[in-house]
Amino acid sequence: MENLVSRTAQTHARLIKAATQVFATAGLTGATTREIARVAAVNEVTLFRHFQTKEQLLAAVITEAIALQIEALAHHNDWT
């Protein structure tokens, strides 16, 4: 069971990473779920099992980006 949860989390992370890349290169309107799924190396149906809409996927990308920024700012003393 733990392996399934891990695999699901990995797929979720791959989809967010792929969406980040596709949104960055194609823009919000040019990015397609088909292309995001291709870049993530999953079936488009798998994408929709994780995110019901492209907008939900975009929200996950933005949330991830904000979390990374907060993490970086939390350790500002480590900046050189």
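## Exercises on a four-helix chain

What covers the buried residues of helix 1 includes helix 2 (33–40), helix 3 (44–50) and helix 4 (54–74); here buried means under 20% relative accessible area, exposed over 50%, and partly exposed in between, with a 1.4 Å probe and protein chains only. The model is predicted, so that local features need pLDDT of at least 70 and side-chain atom pairs count only at pLDDT 80 or more, while totals for chains, interfaces and linings use all residues. Residues are numbered from 1 along each chain as its sequence is written, and side-chain values use heavy atoms, with hydrogens and water left out.

**Exercise 1.** Describe the secondary structure and the overall dimensions of the chain.

*Solution.* Begin with the elements, taken as DSSP runs numbered from the N terminus (helices H or I, at least four residues; strands E, at least two). The chain has four helices and zero strands, and its pattern along the sequence reads α-α-α-α. Next, take the C-alpha trace, which spans about 45 × 40 × 20 Å along its principal axes. Finally, turn to burial and contacts: of the 80 residues in the chain, 24% are buried, and among contacts (heavy atoms within 4.5 Å) with a separation of 6 or more, 50% come from residues 24 or more positions apart.

**Exercise 2.** Examine the geometry of helix 1 by setting its span against that of a straight helix, and find where helix 1 bends.

*Solution.* The expected span is 1.5 Å times one less than the number of residues. For the 29 residues of helix 1 (residues 2–30), a straight helix would span 42 Å, whereas the end C-alpha atoms lie only 37 Å apart. The next step is to look for a bend, defined as the angle between axes fitted to the seven residues ending at a position and the seven starting there. At Ala-24 helix 1 bends by about 80°.

**Exercise 3.** List the buried residues of helix 1, and follow Thr-11 to its contacts.

*Solution.* The buried residues of helix 1 are Thr-11, Leu-15, Ile-16, Ala-18, Ala-19, Val-22 and Phe-23. Thr-11 has a relative accessible area of 12% and therefore counts as buried. Leaving aside residues up to four places away in sequence, Thr-11 touches Val-42, Thr-46 and His-50. Thr-46 itself belongs to helix 3 and, with the same exclusion of residues up to four places away, touches Thr-11 and Leu-15. By contrast with these contacts, the C-alpha atoms of Thr-46 and Leu-68, 22 residues apart along the chain, are separated by 25 Å.

**Exercise 4.** What is the phi of Ala-41, and is Ala-41 buried or exposed?

*Solution.* First locate Ala-41, which sits in the loop between helix 2 and helix 3. Most residues other than glycine have a negative phi. Ala-41, although not a glycine, has a positive phi of about 60°. Its relative accessible area is 64%, so Ala-41 is exposed.

**Exercise 5.** Place Trp-79 in the chain, and determine which residues Trp-79 touches.

*Solution.* Trp-79 is found in the segment after helix 4, and because its relative accessibility is 53%, Trp-79 counts as exposed. Not counting residues up to four places away in sequence, Trp-79 touches Ala-72 and Leu-73. Trp-79 and Ile-62, 17 residues apart in sequence, are 24 Å apart in space, C-alpha to C-alpha.
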